[in-house]
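Open the structure in your viewer and keep the selection panel at hand. This tour moves from one selection to the next.

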Amino acid sequence: QVQLVESGGGLVQPGGSLRLSCACSGSIFSINDMGWYRQAPGKQRELVARITRGGFSNYADSVKGRFTISKDNAKNTVNLQMNSLKPEDTAVYYCNAAVIDSSFYRSLEVWGQGTLVTVSS
């Protein structure tokens, strides 16, 4: 079994910063892409940022220049540094990973439980 655990959400004022972290654990053979998605109230879940095992990243247009995704392959973690936060960034942020498990060598898409980010004065 493979699981993702996020941390780092909370309340921040507009213009502030937060850093989200996500750790992948369990029966892991390899991890390919990892990423962050978010879902605001009444809206669909959307991609925020994604990074490949080789380090190539892509971002939603709404967060380019403000958010930075990084990955530690040795620790199976992915982070999201969020700067210049805006009220419209308020959402539940979910970690996602494309994993090959070590039990049956299956390709799995794994989601974390989500962490709430609230940007408000």
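Start with Val2: its bridge partner in β3 is Gly26. Strands here are DSSP runs of E with at least two residues, helices are runs of H or I with at least four residues, and both are numbered from the N terminus. This is a predicted model, in which local features need pLDDT of at least 70, side-chain atom pairs count only at pLDDT 80 or more, and totals for chains, interfaces and linings use all residues. Residues are numbered from 1 along each chain as its sequence is written, and side-chain values use heavy atoms, with hydrogens and water left out.

**The open sheet**

Select residues 2-7 and 18-26. These are β1 and β3, antiparallel strands joined by 6 bridges. Two strands count as paired if DSSP finds at least two bridges between them. Click on Val5 next; Ala23 is its bridge partner in β3.

Now add residues 77-82. This is β8, which pairs with β3 in the antiparallel sense over 6 bridges. Look for Ser21, which stands opposite Asn79 in β8.

Add residues 67-72, which are β7. The view now holds an open sheet of 4 strands, ordered β1-β3-β8-β7 with antiparallel pairing. β1 and β7 are the edge strands, and each pairs on one side only. Turn the sheet to look along its strands: from one strand to the next, the twist averages 15°. The angles run from 0 to 180 degrees between N-to-C directions, with axes as lines fitted to C-alpha atoms, for helices over the stretch in contact.

**Charged pairs**

Side chains of opposite charge can pair when their charged atoms come close. How many salt bridges does a search of the whole structure find? The search finds 6. The criterion is a side-chain nitrogen of Lys or Arg within 4 Å of a carboxyl oxygen of Asp or Glu.

Select Arg38 and Glu46. Their side chains meet in a salt bridge, 2.8 Å from N to O. Is Arg38 buried or exposed? Arg38 counts as buried because its relative accessibility is 6%. Glu46 has 37%, so this residue counts as partly exposed. Buried means under 20% relative accessible area, exposed means over 50%, and partly exposed lies in between (1.4 Å probe, protein chains only).

Keep Arg38 and add Asp89. This salt bridge has an N to O distance of 3.0 Å. The pair links distant parts of the chain: Arg38 sits in β4 (residues 28-39), Asp89 in the loop between β8 and β9 (91-101), and they are 51 residues apart. Both Arg38 and Asp89 are buried. Add Arg66 to the selection: salt bridges that share partners join Arg38, Glu46, Arg66 and Asp89 into one network.

Move to Lys64 and Asp61. Their side chains also meet in a salt bridge, at 3.1 Å from N to O. Lys64 and Asp61 are both exposed.

**The whole chain**

Clear the selection and zoom out. The protein chain has 11 strands and 0 helices. Its C-alpha trace spans about 50 × 25 × 20 Å along the principal axes. Of the 121 residues, 40% are buried.

Finish with the contacts, defined as heavy atoms within 4.5 Å. Among contacts between residues at least 6 apart in sequence, 57% join residues at least 24 apart.
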